[in-house]
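Okay, thanks for coming, everyone. I'll keep this short: first the two chains, then how some helices pack, then a couple of odd backbone angles.

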Amino acid sequence: MAIEEKDLHINMGPQHPSTHGVLRVELNVDGETVVRAKPVIGYLHTGIEKTMESKLYYKAIPCTDRMDYLAPMSNNLGYCLAVEKLMDIEVPDKVKWARVCLAELTRLNSHLVWLGTHALDLGAMSMLLYAFREREMILDIYEACAGQRMMSTYIRIGGLAKELPSDFDKRVRQIIKEIPDRIDDYETLLTNNQIFINRTKNVAVISAEDAINWSLSGPMLRGSGIKHDLRKDNPYSGYENFDFEVPIGRNGDAYDRYLIRLEEMRQSLRIIEQCLDGMPEGPFRAHVPGVVLPPKEDVLHKMESMIFHFKIITEGFPAPKGAVYAGIESPKGELGFYIQGDGSNKPARVRVRPPSFINLAALPALTEGHLFSDVVCAIGSIDIVLGEVDR
Amino acid sequence: MAFEDQLREFINSSVGDAFIREETFRDDLSFFIRPDALVDLCQAFLDDADLDVRYLKDICSVDWYGHDDEMAEGRFEVIYNFYSLKHKYRFFVKVRLPEDNPEIDSLTPLFQSANWLEREVWDLMGISFTGHPELTKILTPDELEGHPLRRDYPLTWEQPVFSWNKDDPPEVIK
């Protein structure tokens, strides 16, 4: 549609409660209809990719936490998998299992925050409080593992930062026991709620063909009926060993994406349970001298280990020359890390494929020609984190 | 026939002389082609239902400034990350661009997602895309000069915001 003079120009954000951070949307409306929607981003740009280029490989891990701050473990995992691919490191089974478990907890965490804020945007205040109550249990586990509730930096190159806490199993089983009932509670509040259905059904629709052309990923793509999940299609970190379903939608609207995310939470719980049941014994780090830190016990008693420890901390490790890409299915979609090594101990280039950024680009396709009041629902159903959009 | 071979044959026949070389590193397959053949290759991807390469996952760029061996081939590398949903296969198409006036045809007419991705590459790396409908800054502030992801852009340099009414403002951090 062409913009005409009678159109009203509305500036939404960057300080708007339902833009989930500092997103600004320039809207042209004709009456109640959106003629043009133009997302304006960059308010949170901190140059993380540039910063990572100047750091040793392992020192860039904390930068990854700060991109998608609702899913820190997924970001750690993506980056570490890419560096491990570059360095050709195979990690022990226990590390893989623990990483899958943590990544799925992260998915729960991220989807809970999404559910709370999305429902809040649509007027269901109580959902936010419920979702944050459950999220607290997951953050407690992060704290027990890494000492930090959000910026965990727990997954490291070649393994984990330290051993899983002794009560990890007990705490996670508590979550597996409690959360399924809570998800059922959410469903009673929202799934058949006529107000929620009216606000989300047939809103922000995108067809399968368009979804691919816009390169959408994650629930945005699956909501349109395309069964593409990297955990199934290109398994990483041992996902091929787990039994789970990939839910897909039919209409590609906000309601389908809501159903998919709820179902993904249930599937995540299934994966977590399988992780705990089959958690292998073994070390929490790979044995790769000169690249992965040696066990602390050895550092204190063995000369060679101490030298390796010192060298890794001070000068890092040289990576071979070559480019690798590792993509993972983060809660938002496909999170990829493209790392170009140049033979030195710092990467020549780290590129993050940000799922939120690419999904947000499709906002005009979701909103133009539709009602003004549905813009909030469309932004919510994309599930963006501005820290990752802007990096 | 394995999908790799099918793809190799397809790319070879579509780009012809513009094919430079291919590389496999840690199972990631990359094809280096000349920049002028890119749009035709992408159009061929979209037209071929059997390959099913309709999914442009990402566009990114590498600056080889400071690596003299690589600079000979061109300072900038633009990487197109394609994915075939049918064959569940990812591969890369890479092009090299010269230091002076790096320019390549835009993919936005073919892939909607290329719009923002190309704007980001333009903003941070300064590679311009011919035929892009709106090649403007996307992440950095409008006043910022230069392209921060270039290797010759100093890491902690901050552009002075206030000139203190002097012709020669102090450099904040360098």
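**Two chains, some helix packing and two odd residues**

So, let's start with contacts in chain B: if you take those between residues at least 6 apart in sequence, 49% join residues at least 24 apart. Keep in mind that what you're looking at is a predicted model. Do the same count in chain A, and 70% of the contacts between residues at least 6 apart join residues at least 24 apart.

Let me stay with chain B for a minute. It has four helices and seven strands. Reading from the N terminus, the order goes α-β-β-α-β-α-β-β-β-α-β. The C-alpha trace spans about 70 × 35 × 25 Å along the principal axes of chain B. And how many of the residues in chain B count as buried? That comes to 51% of its 174 residues.

Now over to chain A. Here we've got 17 helices and eight strands. The box filled by the C-alpha atoms of chain A is roughly 75 × 45 × 35 Å, again along principal axes. You might ask what radius of gyration a compact globule of 391 residues would have. The answer is near 21 Å, and chain A comes out at 22 Å, so the two agree. As for burial, 61% of the 391 residues in chain A are buried.

Okay, helix packing. In general, you describe two packed helices by the angle between their axes and the distance between the axes. I've picked one pair from each chain.

In chain A, look at α6, residues 168–190, and α11, residues 254–277. Their axes come within 10 Å and cross at roughly 160 degrees. Anything over 145 degrees counts as roughly antiparallel, so that's what we call α6(A) and α11(A). The crossing of α6(A) past α11(A) is left-handed. What sort of residues make up this contact, by class? Between α6(A) and α11(A) there are 15 nonpolar and seven charged residues, with no polar ones.

The chain B pair is α1, residues 3–15, and α2, residues 38–47. These axes also come within 10 Å, with a crossing angle of roughly 130 degrees. That makes α1(B) and α2(B) oblique to each other. Here α1(B) passes α2(B) in a right-handed crossing. If you want to click on the residues, α1(B) brings B:L7, B:F10, B:I11, B:S14 and B:V15, while α2(B) brings B:L41, B:A44 and B:F45. Sorted by class, that contact of α1(B) with α2(B) is seven nonpolar, one polar and no charged.

Last bit: backbone angles. Most residues other than glycine have a negative phi. So here are two that go the other way.

One is A:S215, which isn't a glycine but has a positive phi of about 55 degrees. You'll find A:S215 in the chain A loop between α8 (208–213) and α9 (219–222). Is A:S215 buried or exposed? With 0% relative accessibility, A:S215 counts as buried.

The other is B:N101, also not a glycine, with a positive phi near 55 degrees. B:N101 sits in a loop too, the one between β5 (89–97) and β6 (103–105) of chain B. The relative accessibility of B:N101 is 56%, so B:N101 counts as exposed.

That's my tour. Happy to pull up any of those spots on the screen.

Note on methods: Residues numbered from 1 in each chain as written. Chains lettered and ligands numbered in written order. Predicted model: local features only at pLDDT ≥ 70, side-chain atom pairs only at ≥ 80, totals over all residues. Heavy atoms only, no water. Axes fitted to C-alpha atoms, helices over the stretch in contact; angles between N-to-C directions. Helix = DSSP H or I, 4+ residues; strand = E, 2+ residues; numbered from the N terminus. Parallel < 35°, antiparallel > 145°, perpendicular 65-115°, else oblique. Left-handed = near helix turned anticlockwise from the far one by under 90°. Contact = heavy atoms within 4.5 Å. Nonpolar A, V, L, I, M, F, W, Y, C, P; charged D, E, K, R; others polar. Rg over C-alpha atoms; globule rule 2.2 N^0.38 Å. Buried < 20%, exposed > 50% of the residue type's maximum accessible area, 1.4 Å probe, protein only.
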